[in-house]
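Visitor: Please take me through this model one question at a time, and explain each term when it comes up.

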Amino acid sequence: MQQQQALVSVSHSVASRLAILAVAFINGFVIMSIELLGGRVLAPYFGSSVHVWGSIIAVFMLSLSLGYLWGGKLSLRNPGHRTFISFFIFAALLCLPIIYLADPVMRTIFLSIEDPRYGSLWSAVLLYFAPICVMGMVSPYSVRLLVLTQEHSGGVAGMLYFVSTLGSALGTLATSFYFVMWFEINQVMWGCIVALLLCAALIAFSSRHAIKEQTS
Amino acid sequence: MNFRIWSPLLCVLVLISAAPASAQRQVIHEERSQYRNVLVTEFNGQRCMLFNIHRGDMNQTCIDLRNPKRLVFNYTKMSFAGLLLNPEPERILVAGLGGGTIPMVMRELYPEAEIDVLEVDQAVVNVAREFFGYQEDEKHEVHVVDARVYIKRAGLRGDKYDYIVLDAFSGEYIPEHLLTREFLEEVKALLTDDGVVVANTFASSDLYDYESVTYQAVFGEFYNFKRAGSGNRIILATNGELPELGDLRRRSRELYDALAPYDMNVLEYPPLLTTEADWDESTRILTDQYSPANLLN
């Protein structure tokens, strides 16, 4: 029985379980912060009409939905902290084009697509699909890392939804109420990248700690 | 009885009892919009376009039903001060339609001018046509588009205008991408050498300082036009040198007769135009990266 549980669960220690909840929170926070900034990134080329927000929200939802699907699939094979850590590193790297390539990407699209609805949609796809998709993979993967027993799985999933959506709510508020007042868009984006890298570090640190605990 | 619990209820009661007083303002039409529904009301001989009736007086534009020529709003009248800087506009761009007052008056004053109007909301265009007598013609077209998108494209085409009015600000929500240095640079690129930009901006909020330094960064010195009792400030900026006060006086005398029927006394304008900076010049410039206009208002 003990053996079987060890196969199913990957995170035993309190520290590593708390770390997973913390990164789920930060991940939710960062996603909504980037979404809110997205409207401001696209506005100089496509305006701030209702279509532009429609494009951004649709692309974020699509990216998250596929991220959930693929993250869940990935959790079926050799689930472990190493893959989990790599999500955050990839997500952070994939955010860099939003800072460095947004202007040339949007200029190219602006010149080739007349209709600002489709211009904003394609820009949102090119800039946001990859990073947000990877951030979406975090959610099902964290469920896999936290679930110890079948009967507790619903509770674990509920707790994860709770912290990540709470993070999203706070990310939305903090960005729209304060960050845009204090910082430039790209400064907030750098903040998001640093936060994602901190997530990777936190998981790396807590899992190493847990392994030591287990072996000793 | 705990007043804190009961006070919301009291508020509701007060509102209900106050309702008959405002009921005289009759809603004659409601147009469905992708943004905010557009209401047309009639009250006291005036017909007005509103975006939000619940938040008090948010009239976008009004006409006097007894004398449709008479301009109702001070800021609309003030915006024609741009004619003192360029009295013979040939290609006019107006961002923000409202009831269409500004383009219609421009058409009457300058029958030969080409006029392009930008309005993001089709519902506003419909209401202006149906209830405010707005009419396009061969050389006068309204484009349903975000002003930023149109102006960027016009710049790529190499279009030029000699009279640009920026009036795309409804009281409640400010389009932040239309306040930035980058946007104003795109506007400036459309201006002919003798062209003028007339911008309707906020006179009273924190935004006053931010907008002032941003216009200054792009256009250099500009004429600032404020009047007591108006919450609006008109910025008059040019591509080159600003005309002297003497020129403005002379032009105001020449324009007086043409503008008087609209209830504008343009002779009053020149002494009120000033290049003096009465704002905090250390304020941060608004850019595409930093434009929290709605938080500053």
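Guide: A salt bridge is a side-chain nitrogen of Lys or Arg within 4 Å of a carboxyl oxygen of Asp or Glu. This is a predicted model, in which local features need pLDDT of at least 70 and side-chain atom pairs count only at pLDDT 80 or more, while totals for chains, interfaces and linings use all residues. Residues are numbered from 1 along each chain as its sequence is written, chains are lettered from A and ligands numbered from 1 in the order written, and side-chain values use heavy atoms, leaving out hydrogens and water.

Visitor: How many salt bridges does a search of the whole structure find?
Guide: The search runs over all chains. Among the pairs that meet in this way are Arg153(B) with Glu114(A) and Glu186(B) with Lys152(B). Over all chains, the number of salt bridges found is 20.

Visitor: Which residue of chain A meets the side chain of Arg153(B) in a salt bridge?
Guide: The pair crosses between chains: Arg153(B) sits in helix α6 (residues 147-157) of chain B, and its partner sits in the loop between α5 (102-112) and α6 (116-146) of chain A, where helices (H or I, at least four residues) and strands (E, at least two) are DSSP runs numbered from the N terminus. Arg153(B) is buried at 12% relative accessibility, while its partner is exposed at 58%; buried means under 20% relative accessible area, exposed over 50%, and partly exposed in between, with a 1.4 Å probe and protein chains only. With 4.0 Å from N to O, the partner of Arg153(B) is Glu114(A).

Visitor: How many residues apart in sequence are the parts that Glu186(B) and Lys152(B) tie together?
Guide: The side chains of Glu186(B) and Lys152(B) meet in a salt bridge with a distance of 2.9 Å from N to O. Glu186(B) is buried at 17%, and Lys152(B) is buried at 13%. Glu186(B) lies in helix α7 (residues 181-190) and Lys152(B) in helix α6 of chain B, so the parts that they tie together are apart in sequence by 34 residues.

Visitor: Which residue meets Arg227(B) in a salt bridge?
Guide: Arg227(B) lies in the loop between β10 (223-226) and β11 (232-238) of chain B, and its partner in the loop between α9 (245-259) and β12 (273-274), so the pair ties together parts that are 41 residues apart in sequence. Arg227(B) is partly exposed at 23% relative accessibility, and its partner is partly exposed at 35%. At 2.5 Å from N to O, the partner of Arg227(B) is Glu268(B).

Visitor: How many helices does the secondary structure of chain A come to?
Guide: Chain A has zero strands, and its pattern along the sequence is α-α-α-α-α-α-α-α. Of its 216 residues, 46% count as buried. The number of helices in chain A is eight.

Visitor: At roughly what angle do the axes of helices α2 and α3 of chain A cross?
Guide: Helix α2 spans residues 14-46 and helix α3 residues 50-74, and their axes come within 9 Å. Among the residues that make the contact (heavy atoms within 4.5 Å) are Ile31(A), Leu42(A) and Phe46(A) of α2(A), with Trp53(A), Ile56(A) and Phe60(A) of α3(A). The axes, lines fitted to C-alpha atoms over the stretch in contact, with angles from 0 to 180 degrees between N-to-C directions, cross at roughly 140 degrees.

Visitor: Is Thr287(B) buried or exposed?
Guide: Thr287(B) lies in the loop between β12 and α10 (293-296) of chain B. Leaving out residues up to four places away in sequence, Thr287(B) touches Thr180(B), Arg181(B) and Glu182(B). At 8% relative accessibility, Thr287(B) counts as buried.

Visitor: Which residue, not a glycine, has a positive phi of about 55 degrees?
Guide: Most residues other than glycine have a negative phi. Asn78(A), in the loop between α3 and α4 (81-100) of chain A, has a positive phi near 40 degrees and is exposed at 70%. The residue asked for is exposed at 62% and is found in the loop between β2 (38-43) and β3 (46-50) of chain B. With a phi of about 55 degrees, the residue is Asn44(B).
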